[in-house]
Structure formats: structure tokens, C-alpha cells
Amino acid sequence: MRANQQVRLDAEAPQKAEELSVTSLATIETGDRATVVAALGDDEICALDEASEVGTCATADLAEAGHAFSATPAGCDAYHVIGFMPDGVSSLEVEASGEEIPVTSNVYDATLSAEDTTLTSQQSSVEVVLPLGEYANMNPAC
């Protein structure tokens, strides 16, 4: 696994234990959205949404800066996003709509419109721009 790589688990595929040496594992309930499994390795952290089997892995530096996320289609005009936030961030605000997204154990999980989206936090100076508009053209079903 590489930093900020999207990961899709396939139950039929053989597992490669050497890809991530897991030193800690946690299950996080992210509001009413999903259960996320987070794994901490020697030099990276991964989060996986159990329902969609989609997640992201990143170095600690990328995760701490809020630059580690994964986006997957949720219909033709929305994306399911999972990502990391630094310590102390308990919620994010979608700049355009004012919608609040909870952050639990440094992980956020939300369904957002397929347009460039800025997330901000009142608890820190973190501002993350999600290029979801670019992803909108990548869904072959639409």
C-alpha cells in the first residue's frame, strides 16, 4: 500500500500480510453513517468503511494535515467520502451548505455532492478541498 492509496478489499483475493504491518486496530462508529475499521501500521494509517469495503491509507503526515481521503460514487451526483483529520477536530463544516460532518477518532465519513467541496473546522486551521467535481466524470454508470 502506498500513501493516500484507495483500497478495495476482495474477500476472494489472497491477503498479502506484508503490505501493512498492523500495530493497532480499532472499530469506529461514525454517527449513523457507517462502521469504520482503522488500522495503524509502522508508518501509515488506514481506514476502511465496512459497508462499502472502500477506504484509504496514508502516512501520518498526510492524515495529520487532513489530506488523506477516498471518494467513491454514491449514485450519479454524490460521493461517499472517508478521510482523516488531525487530533482535536470533532466536526467539519461543508463550506457551501453549512452542513456539519462529525469527526470520530480522527475519521470522518459522509456523502457529499459531486462538486468541488471545501471542508473547514472551527477547532483547527485545517481546510480541505475535496476535488469531487473531477470525480463526477469518472463514474461510467452516469
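**Exercise 1. Describe how strands β9 and β10 are joined, and characterise the loop between them.**

Strand β9 (residues 100–104) and strand β10 (residues 107–113) run antiparallel and are joined by 2 bridges, where strands are DSSP runs of E of at least two residues, and helices runs of H or I of at least four, numbered from the N terminus. Two strands are taken to pair if DSSP finds at least two bridges between them. Within this pair, Val 103 stands opposite Tyr 108 of β10.

This is a predicted model, in which local features need pLDDT of at least 70 and side-chain atom pairs count only at pLDDT 80 or more, whereas totals for chains, interfaces and linings use all residues. Residues are numbered from 1 along each chain as its sequence is written, and side-chain values use heavy atoms, with hydrogens and water left out.

Next, consider the loop between β9 and β10, where Ser 105 is found and where Asn 106 also lies. Most residues other than glycine have a negative phi. Ser 105, although not a glycine, has a positive phi of about 50°, and Asn 106 likewise takes a positive value, near 75°. Ser 105 is exposed, with a relative accessible area of 52%, while Asn 106 counts as partly exposed at 25%; here buried means under 20% relative accessible area, exposed over 50%, and partly exposed in between, with a 1.4 Å probe and protein chains only.

**Exercise 2. Give the strand order of the open sheet of 7 strands, and explain what is particular about β6 and β12.**

The order is β6-β7-β10-β9-β8-β11-β12, with antiparallel pairing. β6 (69–73) and β12 (127–130) stand at the edges with a single partner strand each, so one side of each has no neighbour in the sheet. From one strand to the next, the twist averages 25°, with axes fitted as lines to C-alpha atoms and angles running from 0 to 180 degrees between N-to-C directions.

At the β6 edge, β6 and β7 pair in the antiparallel sense over 5 bridges, and Thr 72 has His 80 in β7 as its bridge partner. Their hairpin has 4 residues between the strands, and Gly 75 there takes a positive phi near 90°. β6 is mostly covered, since 4 of its 5 residues are buried.

**Exercise 3. Identify the residues with the most contacts inside the largest nonpolar core, and the strands that supply the core.**

A nonpolar core is a set of buried Ala, Val, Leu, Ile, Met, Phe, Trp, Tyr and Cys residues joined through side-chain atoms within 4.5 Å. The largest has 19 residues, and those with the most contacts inside it are Val 81, Met 85, Leu 92, Ile 101, Tyr 108, Leu 112 and Leu 130. At least two residues come from each of β6, β7 (78–84), β8, β9, β10 and β12, and β10 gives the most, with 3 residues.

A second, separate core of 8 residues includes Ile 28, Ala 68, Phe 84 and Val 107.

**Exercise 4. Determine where confidence is lowest and highest in the protein chain.**

The protein chain averages a pLDDT of 75, and 68% of the residues score at least 70, pLDDT being the predictor's confidence in each residue, from 0 to 100. Confidence is lowest in β1 (residues 5–8), at a mean of 38, and highest in β8 (residues 91–94), at 95. Over residues 1–18 pLDDT stays under 50, and the model has 37 contacts beyond four places in sequence for them, a contact meaning heavy atoms within 4.5 Å. Where pLDDT is low, the predicted coordinates should not be read in detail.
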